[in-house]
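Biologist: I have this chain open at my desk and would love a guided close look at one part of it. Could you take me through the part around the main core, and then show me how the rest joins on?

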Amino acid sequence: GIVDQVLAANPTLDADQRAMVRTLASSGAGVDVVVGKAGTGKSTALGAYRQALDAAGIPVVGVAPSATAAHQLAMSAGITDTATVDRLLVELDHRRRTLPRGAVVILDEAAMCPTRTRLALQRAVDAVDGKIVDVGDHRQIPSVDVGGGHYALAQRLGASVLGTNHRFRDPVYRDAAELLRDHQPAAAVEMLRVQGAVSD
């Protein structure tokens, strides 16, 4: 099938990434959740998922809370149609654009998206029988507005979790990054200091 061809064309994907592509491509759910820490190769896996959608003729729209994140998503996953969530919603509201039927909307940095905005996006996507893929790291800075939606969805729906950090080759740096993410900066610095990575 299409997914097998795409995975064969992307031999560098690890087991987590491959499982994520398969899950997203085969799920009939209106919402899928991907949780991955920074550096776990979310963009690479999303790029492979986008290739599968392209091959199946399914339209893909990429959105993120900030313009920077939307641009990152365009560059890293190769999604040509990207915008901020707010801009997409305004354009839909003012009928400046419509979402294609059955579109897959990839929402990156989902943890940063205010809950009200996320609900508005869901209504727009449901209206065209599409699907939203929430991508985020629920331990990153949550949305300033009434947030926590990404975390709640991940808890309720389960999620494709990308665990292996590809960005740090050295396990010490990877573990230190984990500690920082879990709000334990002192422990992270201590770990690096013991390894001689920090000079006093």
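Modeller: Happy to; here is a walk from the whole chain into its main core, and then out to a second helix pair and two loops. Please keep in mind that this is a predicted model.

Let's begin with the overall picture. The chain contains 9 helices and 6 strands. Of its 200 residues, 43% are buried. If you take the contacts between residues at least 6 apart in sequence, 69% of them join residues at least 24 apart.

Now to the core itself. The largest nonpolar core is made of 23 residues, and the ones with the most contacts inside it are M20, V21, V34, L46, Y49, I106 and V133. At least two residues each come from helix 1 (2–9), helix 2 (15–26), helix 3 (42–55), helix 4 (67–77), strand 4 (104–107) and strand 5 (131–136). Helix 3 gives the largest share of this core, 6 residues.

With that in mind, helix 3 is a good place to zoom in. L46 is found in helix 3. Is L46 buried or exposed? Its relative accessible area is 1%, so L46 counts as buried. Setting aside neighbours within four places in sequence, L46 is in contact with M20, L73, A77, I106 and V135. L46 and V21 are 25 residues apart along the chain, yet their C-alpha atoms are separated by 7.4 Å.

Y49 is another one to click on. Not counting residues up to four places away in sequence, Y49 touches V21, L24, A25, V104, I106, K131 and V133. Beyond this core there is a second, separate one of 16 residues, which includes V61, V63, L88 and V128.

R50 also sits in helix 3. You might expect to look for an arginine on the outside, but R50 has a relative accessible area of 15%; because this is under the 20% cut-off, R50 is buried. Leaving out residues up to four places away in sequence, the residues that R50 touches are V60, A77, G78 and I79. A77 therefore turns up twice on our tour, in contact with R50 and with L46, by the 4.5 Å cut-off.

Next, have a look at how helix 3 meets helix 2. The two pack with their axes 9 Å apart and at an angle of about 40°. Helix 2 and helix 3 are therefore oblique to each other, and their crossing is right-handed. On the helix 2 side, the contact is made by Q17, M20, V21, L24 and A25, and on the helix 3 side by K42, T44, A45, L46, A48 and Y49. Sorted by class, the residues of this contact are 8 nonpolar, 2 polar and 1 charged.

One more residue brings a strand into view. V31 belongs to strand 1 (residues 31–36). V31 has a relative accessible area of 16%, so V31 is buried. V31 and I106 are 75 residues apart in sequence, and 10.0 Å lie between their C-alpha atoms.

For a second helix pair, turn to helix 5 (residues 85–93) and helix 6 (residues 115–126). Their axes are 10 Å apart, and they pack at an angle of about 50°. That angle is why helix 5 counts as oblique to helix 6. Here the crossing is left-handed. V85, D86, L88, L89 and L92 of helix 5 meet T117, A120, L121 and A124 of helix 6. This contact has 7 nonpolar, 1 polar and 1 charged residues. L88, which takes part in the meeting with helix 6, also belongs to the second core.

Finally, two loop residues deserve a glance at their backbone. E109 lies in the loop between strand 4 and helix 6. Its phi is near 50°, a positive value in a residue other than glycine. With 31% relative accessibility, E109 counts as partly exposed. D129 is in the loop between helix 6 and strand 5. D129 is not a glycine either, and has a positive phi of about 55°. At 56% relative accessibility, D129 counts as exposed.

Key:
Residues are numbered from 1 along each chain as its sequence is written. This is a predicted model: local features need pLDDT of at least 70, side-chain atom pairs count only at pLDDT 80 or more; totals for chains, interfaces and linings use all residues. Side-chain values use heavy atoms; hydrogens and water are left out. Axes are lines fitted to C-alpha atoms, for helices over the stretch in contact, and angles run from 0 to 180 degrees between N-to-C directions. Helices (H or I, at least four residues) and strands (E, at least two) are DSSP runs, numbered from the N terminus. Angles under 35 degrees count as roughly parallel, over 145 as roughly antiparallel, 65 to 115 as roughly perpendicular and the rest as oblique. A crossing is left-handed if the near helix is turned anticlockwise from the far one by less than a right angle, and right-handed if clockwise. Ala, Val, Leu, Ile, Met, Phe, Trp, Tyr, Cys and Pro count as nonpolar, Asp, Glu, Lys and Arg as charged, and the others, Gly among them, as polar. A nonpolar core is a set of buried Ala, Val, Leu, Ile, Met, Phe, Trp, Tyr and Cys residues joined through side-chain atoms within 4.5 Å. Buried means under 20% relative accessible area, exposed over 50%, partly exposed in between (1.4 Å probe, protein chains only).
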